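Hi,

Here's the structure I promised to pass on to you. Have a look at it first, then read on for what turned up.

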Amino acid sequence: MKYCVDTLKVDPEDIVSCHRAGVKDPKKPDFCRPLIIKMAREKDVEYWTFSGRGYNTGCKNKDGSDVYINKDLCKADREANFRVRKANVERKKKKAAEIAVEEEKKKKEEKKKEEKKQ
């Protein structure tokens, strides 16, 4: 609980219980096990998980990775959220590719116009 209060700046009144998940693996000394925090109120959960999207705390683990606060979801909900995130990434990639193609077309048209002027 000390980590949650001191590092993550969670109000101690918002925390009902707190513990690490899993067993510490001596083969991975820098690996940080997930921290399970039971919150007092649903509004606290919504605040700290940024309305279910996950909250980047700005803190770093020992291995340098970012610390996020996420809701503890069942497997089906985790899978659904993963698929939505994956679809969003694919949509952004597709949009970026379309923009690149349009820019290339514009450059070619401008080059043709310049050649005609000469």
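Thr7 touches Lys2 and Cys59, if you skip its neighbours within four places in sequence. One thing to keep in mind as you read: this is a predicted model. You'll find Thr7 in the loop between α1 and β1. Its relative accessible area is 34%, so Thr7 counts as partly exposed. Try picking out Lys60 as well: Thr7 and Lys60 are 53 residues apart along the chain, and their C-alpha atoms are separated by 10.0 Å.

Asp14 is another residue in the loop between α1 (2-6) and β1 (15-20). Is Asp14 buried or exposed? Asp14 counts as buried, because its relative accessibility is 10% and the cut-off for buried is under 20%. Leaving out residues up to four places away in sequence, Asp14 has quite a list of contacts: Lys38, Met39, Ala40, Arg41, Asp44 and Trp48.

Let's follow one of those contacts. Asp44 sits in helix α2. With 7% relative accessibility, Asp44 is buried too, since that value is under the 20% cut-off. And what does Asp44 touch, not counting residues up to four places away in sequence? The answer is Asp14 and Met39. Met39 is also on the contact list of Asp14, so if you click on Asp14, Asp44 and Met39 together you can see how these contacts fit together.Now for the middle of the protein, in the sense of its nonpolar core. The largest nonpolar core has 10 residues in all: Cys4, Leu8, Val10, Ile15, Met39, Val45, Trp48, Cys59, Val67 and Ile69. Which elements give two or more residues to this core? They are α2 and β4.

Ile69 is a good core residue to zoom in on. Ile69 belongs to strand β4, and at 15% relative accessibility Ile69 counts as buried. Thr49 is 20 residues away from Ile69 in sequence, yet in space the two are 5.6 Å apart, C-alpha to C-alpha.

Next, the pockets. The largest pocket holds about 1,100 Å³ of space. It is lined by 33 residues, and the closest to its centre are Tyr68, Ile69, Asn70, Lys71 and Asp72. Ile69 therefore turns up in the core and also by the centre of this pocket. Four elements are named as giving two or more residues to the lining: β2 (35-39), α2 (42-48), β4 (66-69) and α3 (75-117). Sorted by class, the lining of the largest pocket has 17 nonpolar, seven polar and nine charged residues.

The second largest pocket holds about 210 Å³. Its lining is made up of Tyr3, Arg20, Lys24, Pro29, Asp30, Phe31, Cys32, Arg33, Lys60, Asn61 and Lys62. By class, that gives four nonpolar, one polar and six charged residues. You've met Lys60 already, as the partner of Thr7 in the 10.0 Å C-alpha separation.

Last, the cysteines. A disulfide is a covalent bond between the sulfur atoms of two cysteines. How many disulfides does the structure hold? Zero. Two cysteines you can check for exposure are Cys18 and Cys74. Cys18 has 23% relative accessibility and counts as partly exposed. Cys74, at 42%, counts as partly exposed as well.

That's the tour. Have fun turning it around on your screen!

Cheers

Definitions and conventions:
Residues are numbered from 1 along each chain as its sequence is written. This is a predicted model: local features need pLDDT of at least 70, side-chain atom pairs count only at pLDDT 80 or more; totals for chains, interfaces and linings use all residues. Side-chain values use heavy atoms; hydrogens and water are left out. On a 1 Å grid over the protein atoms alone, a cavity is a set of points where a 1.4 Å probe fits but cannot get out, and a pocket is an open set with protein on both sides within 12 Å along at least five of seven lines; lining residues have an atom within 4 Å of a point. Grid points are joined across faces, edges and corners, and a volume is the space filled by probe spheres set on the points. Ala, Val, Leu, Ile, Met, Phe, Trp, Tyr, Cys and Pro count as nonpolar, Asp, Glu, Lys and Arg as charged, and the others, Gly among them, as polar. A nonpolar core is a set of buried Ala, Val, Leu, Ile, Met, Phe, Trp, Tyr and Cys residues joined through side-chain atoms within 4.5 Å. Buried means under 20% relative accessible area, exposed over 50%, partly exposed in between (1.4 Å probe, protein chains only). Contact means heavy atoms within 4.5 Å. A disulfide is a pair of cysteine sulfur atoms within 2.5 Å.
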